[in-house]
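Good morning, and thank you for joining this session. Please bring up the sequence and the model, and I shall then take you through a few of the computed features.

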Amino acid sequence: MDEISRVRALHDHAVLDTDAEERFDRIASMAAAHFDAPIALVSLVDTDRQWFKACIGLDVRQTTRDWAFCHHAILLGAHQVMVIEDATKDARFVDNPLVTGEPNIRFYAGATLTTKEGADLGTLCVIDTKPRAKPSEADLAHLASLAKMVVDQIELSKARKALEERHQVLDLAEKLSLTGYWTLNTDTGAVFWSPQVYAIHGVDDESYRPGLDDALAFYVDGDRQMVEALIAKNSAAGVGWDFDATIQRRDGTLRNVRSVAACQKGPNGHVRGFIGVFKDLTDERRVIAEAVEQERRYRLLADHASDVIAVYGADGRFTYLSPSITELLGYLPDELLGKTPYDLIVPEDQARVAAEFAAAARSKSALTVEYRARSKDGRSRWLEARPRFHRDEAGKVIQITDSVRDVTERREREVALAEARVAAESAATAKAEFLANMSHEIRTPLNGVIGFAEVLANTVLDTDQKRYVDRIRTAGKGLSALIDDILDFSKIESGNMMIEARPFDLRAMATEIVDLTRASIAGRLHLDIDYDGGLADRVIGDEQRTRQVLLNLIGNAAKFTHAGSVRLEVRRRQDWLEFRVVDTGIGISAEAMSRLFDGFTQADASVGRRFGGTGLGLNISRSLARLMNGDVTLESEPDVGTTAIFSLPYKPSADQPVSLPLRSARQRSERKLRVLAVDDVPTNLELIEILVAGVGHDVTCAASGEAALERLRADPAFDLVLMDVQMPGMDGLEATRRIRRMPEAANVPIVALTANVLADQIEACRAAGMDDHLAKPIKPEVLGETLDRVCRMAVPPPSSPTTPHGADPLAALKERYREQMKTFATEYSRMLAMPSEAGVAAIAAYTHSIAGTAGSLGFADVSTAAFQLESAAEQCREDGSAVESLPALIQAVLRAVEHT
């Protein structure tokens with residue numbers, strides 16, 4: 001139907017600009033109640049406006065058509081439902097004033113109001129100010145059914161108007177005899193019909209000439225005899241008549257008719273005939289029957305709805321309750337008429353509910369309130385009520401309609417969910433604390449092992465010593481990589497892994513990875529790269545995570561390939577960047593492939609024994625790829641080889657990198673920095689001093705946060721602060737906060753030294769004011785890069801003389817520590833003499849530093865004994881267990897010292 005015909009049909013229904021009617025408001029209220037929506041409208045779309053016949057939750061009666069969501073809904077066609085889940089994400093409505101301003105529409109669901117003639121007059125819609133998911137098909141079907149009820153009411157309005165007009169026409173016909181009139185000459189039997197009477201009988205005035213007998217023949221049996229008798233009787237009496245009867249047209253259809261007649265008499269009182277009007281009642285009676293049926297359907301829906309429909313006056317007393325109240329609370333509707341909701345609400349909730357009702361009545365805002373009510377058998381049920389206040393012209397509440405539903409099960413689920421959430425959050429917190437502690441406890445001694453191995457590697461060593469040191473370095477780095485894998489796995493599992501999107505050099509990264517792997521396999525395999533020349537050299541993505549995935553895939557390929565080749569192919573496939581790692585290794589069976597991406601899983605147990613590994617690599621690689629909106633898949637055939645496919649979205653970058661002067665990791669910086677190192681473990685401080693001084697910088701050490709503040713107050717001209725995070729007393733975070741409040745040192749770069757590299761710890765460092773972090777164990781090359789960055793940004797201070805260093809600082813450090821170990825017995829005796837609780841705490845803290853430092857310097861037996869003592873002391877602190885075992889463990893530490 002075209003727009004002109006649609007608008008004409010809308011005006012023909014005579015609903016626009018009429019007063020609000022309860023029958024339309026009830027249907028809109030039912031829609032609002034069913035969808036738990038604050039706004040429900042019966043909206044009719046005129047030429048340049050949308051007008052609301054029913055308006056629940058909104059104080060306006062019309063808006064411009066340009067703003068109307070319903071305009072878009074009727075464009076979908078007859079009997080359609082339009083759903084907008086979030087208007088701010090729909091290009092049609094994102095700038096709509098009803099979205100950007102009041103009433104801030106987000107969710108919309110509207111069912112078209114389609115007449116029998118196919119005219120889409122508008123919609124029945126529900127609206128929310130919050131986004132929602134698309135309702136179920138059943139809910140949308142319910143909305144469409146309610147829309148049909150609205151159309152039925154509109155058609156009823158049209159029928160009523162037509163009926164009034166027909167009465168007017170009938171009055172004119174009776175007064176003026178212009179339509180639907182007839183005459184009967186009783187002397188001759190002649191009959192005259194007006195054109196309308198011909199139309200009622202279904203004949204035309206050209207081919208049919210009625211007579212009395214012919215006219216009587218149209219009446220059905222029973223009515224015919226009644227009419228014949230009536231004519232004879234009233235002719236004799238000289239009076240008219242008024243009767244309803246049924247006629248049957250020649251085509252077989254039946255019509256309900258009414259005949260009203262007046263008697264015509266001659267001058268002498270002789271009856272000459274009758275004149276009357278003739279009306280077809282069929283359509284009128286059909287309209288009335290349809291109205292009755294629609295009323296019956298409306299009542300049936302209200303009586304059988306699962307929600308209770310309640311109506312009460314301004315005094316709060318029930319005047320109507322739907323039958324579903326019996327199923328909800330066990331009362332018959334008649335038992336509650338004249339009572340108030342407070343006769344059902346438990347006393348504890350009455351004051352709150354009364355206050356909310358009063359506030360809603362004053363504010364004219366929609367209300368949803370939950371309370372507990374007592375059923376007839378005494379049980380308590382949670383109910384949710386959505387009252388709607390009806391007001392007179394002065395704004396006074398005259399009636400309240402309420403939709404009430406049982407939400408007991410939902411409330412019980414919410415309680416259970418809250419308890420489960422608390423338990424889950426507690427478990428997550430415990431896991432995070434465990435990982436943080438594990439990271440700290442492992443990385444602290446590992447820092448010494450790797451750091452001093454690097455220092456030792458730069459001293460003069462014979463062949464065997466160099467081999468031993470290399471093995472220490474390799475084992476230490478392997479252990480560090482294992483810790484990184486476990487922490488990465490945990491971060492991915494908890495959703496804390498952050499992905500960056502920055503330009504980087506793809507070709508250089510791929511080439512570097514192949515070169516690194518080629519160096520590690522020492523000519524055992526043929527390793528090459530096939531790079532598509534059509535690819536952009538620079539792309540946008542997370543370079544660190546991309547490198548991590550590729551290193552894992554290529555490392556796996558090299559590990560599981562005894563002989564042959566490994567090839568990295570870098571290709572573009574449509575909008576995807578594809579890395580293919582192709583090897584000629586042992587391959588993987590289909591059965592093993594199905595579980596290979598599970599955490600802590602390898603193709604078979606023997607592989608783990610032969611080749612090593614945790615089984616986390618592929619799981620982490622796939623998880624990282626998917627976090628970058630890509631994936632990792634495998635293609636393999638046993639004894640032939642495997643192809644690992646790593647795909648990412650292809651996003652070329654047009655930017656050009658800024659060229660910076662490159663330097664070797666071991667090259668001394670161009671100028672000398674003044675560095676303040678802060679750590680509570682003396683050995684860690686000495687290691688940092690050796691590493692930093694080894695590349696030409698001055699180092700000042702502080703053993704606590706308090707000492708660091710004193711150093712900076714006395715001399716703030718430091719270029720960099722290396723700050724340990726976990727220290728007794730004032731920790732590194734608090735020390736950093738205080739430094740940032742010192743005017744003289746507020747801008748000094750501060751880098752955290754931490755064994756805990758979880759996301760929340762790193763965020764805590766940044767929140768405290770730290771600029772960067774270095775993970776323990778400290779890698780000399782990473783520390784060197786940090787120093788170089790500071791060198792490039794810092795303003796050169798006045799030159800100062802270089803502090804000379806011995807030829808073998810590590811040997812000197814070990815000798816000094818041997819001397820310090822001789823004091824252990826005295827310190828432990830002093831601690832054992834302290835009160836129990838304080839003594840145990842002192843032993844745990846003192847032994848913690850011994851365990852890490854001794855291990856870093858190669859005193860393995862001392863470190864092992866110290867770890868056992870620390871663990872026992874911590875156990876005593878936590879559960880209050882007996883301390884009798886501590887002296888024996890202290891003696892074990894002292895015996896280990898004697899054998900160093």
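Which element gives the most to the lining of the second largest pocket? The answer is strand E15, with five residues. Before going further, I should state that this is a predicted model.

Let me remain with that pocket. Its volume is about 970 Å³, and 29 residues line the second largest pocket. Nearest its centre lie Asp25, Cys55, Phe389, His390 and Arg391. The elements that contribute two or more residues to this lining are helix H2 (22-35), strand E2 (49-56), strand E15 (380-391) and strand E16 (397-406). In terms of residue class, the lining of the second largest pocket comprises twelve nonpolar, five polar and twelve charged residues.

Phe389 leads us to the aromatic rings. The count of aromatic pairs comes to 16. How is the pair formed by Phe357 and Phe389 classified, and why? The ring centres of Phe357 and Phe389 are 6.1 Å apart and the planes stand at 75°; since an angle over 60 degrees counts as edge-to-face, this pair is edge-to-face. The pair links distant parts of the chain: Phe357 belongs to helix H12 (residues 347-363) and Phe389 to strand E15, the two being 32 residues apart.

Are these two rings' residues buried or exposed? The cut-off for buried is a relative accessible area under 20%. Phe357, at 14%, is therefore buried, and Phe389, at 18%, is buried as well. Elsewhere, ring pairs join Trp182, Tyr219, Trp241, Phe243 and Phe274 into a cluster.

I turn next to helix H19, which spans residues 617-627. This helix is mostly covered, with nine of its eleven residues buried. The buried residues of H19 are Gly617, Leu618, Asn619, Ile620, Ser621, Arg622, Ser623, Leu624 and Ala625. Just after H19, Asn629 adopts a positive phi of about 65°.

Finally, the chain as a whole. The protein chain contains 29 helices and 28 strands. Of its 900 residues, 45% count as buried. The accessible surface of the protein chain is about 45100 Å², and carbon and sulfur atoms account for 53% of that area. How far apart in sequence are the residues that come into contact? Among contacts between residues at least 6 apart in sequence, 60% join residues at least 24 apart.

To return to the opening question, strand E15 supplies five residues to the lining of the second largest pocket, and Phe389 of this strand also pairs with Phe357 of helix H12.

Notes:
Residues numbered from 1 in each chain as written. Predicted model: local features only at pLDDT ≥ 70, side-chain atom pairs only at ≥ 80, totals over all residues. Heavy atoms only, no water. Helix = DSSP H or I, 4+ residues; strand = E, 2+ residues; numbered from the N terminus. Buried < 20%, exposed > 50% of the residue type's maximum accessible area, 1.4 Å probe, protein only. Contact = heavy atoms within 4.5 Å. Areas by Shrake-Rupley, 256 points an atom, 1.4 Å probe, with all protein chains shown as cover. 1 Å grid on protein atoms, 1.4 Å probe; cavity = no way out; pocket = protein on both sides within 12 Å on 5 of 7 lines; lining within 4 Å. Points joined across faces, edges and corners; volume = space filled by probe spheres on them. Nonpolar A, V, L, I, M, F, W, Y, C, P; charged D, E, K, R; others polar. Phe/Tyr/Trp six-rings, centres within 6.5 Å; stacked < 30°, edge-to-face > 60°.
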